[in-house]
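Biologist: I would like to learn how to read a folded chain step by step, and I would be glad if you could guide me through one.

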Amino acid sequence: MTNRIEGKTAFVTGGAGGIGWAICKRFAAEGARVICADITAPGDFPPENVEHRSYDVTDEDAARSAFARLGAEWESLDILVNAAGIEIEKTIEDTTLEEWRRSFAVNVDGMFLASKYALPLLRKSAGASVINFGSYDGFIADPGLAAYCATKGAVHALTRAMACDHGPEGIRVNAVCPGYVDTPMLQSFFTGEGSGGGGKSIEDLQQAVRDVHPTRTYGTPDDIANLVLWLASDEARYASGQLWVMDGGLSAQVQQMRL
Ligand SMILES: NC(=O)c1ccc[n+]([C@@H]2O[C@H](COP(=O)([O-])OP(=O)(O)OC[C@H]3O[C@@H](n4cnc5c(N)ncnc54)[C@H](O)[C@@H]3O)[C@@H](O)[C@H]2O)c1
């Protein structure tokens, strides 16, 4: 099936990141016009119908002016993806207040600001879809990711609240909650303080992560883009207010005892 979002308009924060870029490319391939909004530029040359715009999700003036500009260019916004995110690999004891606030500024305030200023344009859509990035870390905790886990719990609660408030206006709101997905964020987790790697090589850590999954693999950005595409499309017209976990079954299993 192709062109499942033909003619729709989309704004993707964190669009230059591992998952965000896969979403931008997939949306464009399925017929949408896409703004890739990120503080960094994508590593690849953007395909037709994808335009990169420099955008800091923590900056209220940037949100106000980005959506005012969009309103002058497009009649409506059909799809908002809030994918910008950062991960600080520390326990709360090691996390500074500045790092804690930065985590919430990017992962939660950024979602609040983009959603707030996008709403007037989303209301003009014939059927709008907002997709927020939560995480399986919003349900269960990876050790050493305290602030990150807290932000994702907030994202999950915000997603439900937005779905309740704006469903009657024709706006569906869902969260996608990935497990381990092979992106720069995951690579920095493998090399960072939070991995608990204990001096293991990256290859050994990667294999250990694969082995712990029921599916014996971790995800790719395209896996996540497939779910996001469905949520963005009219096929998902009855889907709202939900937290869609995609984690290779990781959160379904109890930890195996190693006797
Ligand atoms: N990769 C995983 O395993 C995983 C798992 C669960 C959830 N997630 C979530 O998925 C989303 C995408 O993650 P990813 O793996 O693609 O990460 P990534 O690090 O590859 O991409 C994140 C993007 O966010 C952008 N960004 C950071 N701060 C920003 C700011 N202030 N303004 C605008 N853009 C900013 C970065 O420039 C980057 O392009 C995140 O919300 C992340 O928390 C990822």
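**Reading the fold together**

Modeller: Let us begin with the surroundings of the ligand, keeping in mind that this is a predicted model: by class, the shell around the ligand holds 16 nonpolar, ten polar and two charged residues.

Biologist: How many residues surround the ligand, and which are the closest?

Modeller: A shell is read by listing the residues around a molecule and then asking where they sit. Here 28 residues surround the ligand, and the closest are G14, G17, I19, G85 and T183. The elements that give two or more residues to this shell are α1 and α5, the latter covering residues 184-191.

Biologist: Turning to the sheet, in what order do the strands stand?

Modeller: A sheet is read from one side to the other, and that order may not follow the numbering. In this model, seven strands form an open sheet in the order β3-β2-β1-β4-β5-β6-β7, and their pairing is parallel. Because β3 (50-54) and β7 (243-246) each have a single partner strand, they stand at the edges, and one side of each is left without a neighbour in the sheet. On average, neighbouring strands of this sheet are turned by 20° against each other, direction ignored.

Biologist: How many bridges join β1 to β2?

Modeller: Strand β1, residues 9-13, and strand β2, residues 33-38, run parallel and are joined by five bridges. Within this pair, T13 of the one strand stands opposite A37 in β2.

Biologist: Which strands does helix α1 lie across, and which does α3 lie across?

Modeller: For a helix on a sheet, one notes the strands it covers and then the angle to one of them. Helix α1 (residues 18-29) lies across β1, β2, β3 and β4 (79-82), and runs at about 165° to β2. Helix α3 (residues 97-122) lies across β1, β4, β5 (128-133) and β6 (171-178), running at about 175° to β4.

Biologist: How do I read the packing of two helices, for instance at what angle α2 and α3 pack?

Modeller: One takes the angle and the distance between the axes, and then the residues that meet. Helix α2 (residues 60-73) packs with α3 at an angle of about 20°, their axes being 9 Å apart. The two helices α2 and α3 are therefore roughly parallel to each other, since angles under 35 degrees count as such. In its crossing, α2 passes α3 in a right-handed way. On the α2 side the meeting residues are E60, A63, R64, F67, L70 and G71, and on the α3 side L113, A114, Y117, A118 and L121. By class, the residues of this contact of α2 with α3 are eight nonpolar, one polar and two charged.

Biologist: At what angle do α3 and α4 pack?

Modeller: Helix α4 (residues 146-166) and α3 pack at about 20°, with their axes 9 Å apart, and α3 and α4 are therefore roughly parallel to each other. Here α3 passes α4 in a right-handed crossing. The contact includes W100, F104 and M111 of α3, together with Y148, V155 and L158 of α4, among others. Ten nonpolar, four polar and one charged residues make up the contact of α3 with α4.

Biologist: And is α1 parallel or oblique to α7?

Modeller: The angle between α1 and helix α7 (residues 221-232) is about 55°, with the axes 8 Å apart, and that makes α1 oblique to α7. Their crossing is right-handed. Among the residues making the contact are I19, I23 and F27 of α1 and I224, V228 and L229 of α7. The contact of α1 with α7 has nine nonpolar, one polar and two charged residues.

Methods: Residues numbered from 1 in each chain as written. Predicted model: local features only at pLDDT ≥ 70, side-chain atom pairs only at ≥ 80, totals over all residues. Pairing = 2+ DSSP bridges. Helix = DSSP H or I, 4+ residues; strand = E, 2+ residues; numbered from the N terminus. Axes fitted to C-alpha atoms, helices over the stretch in contact; angles between N-to-C directions. Contact = placed C-beta atoms within 7 Å. Parallel < 35°, antiparallel > 145°, perpendicular 65-115°, else oblique. Left-handed = near helix turned anticlockwise from the far one by under 90°. Nonpolar A, V, L, I, M, F, W, Y, C, P; charged D, E, K, R; others polar. Near = placed C-beta within 6 Å.
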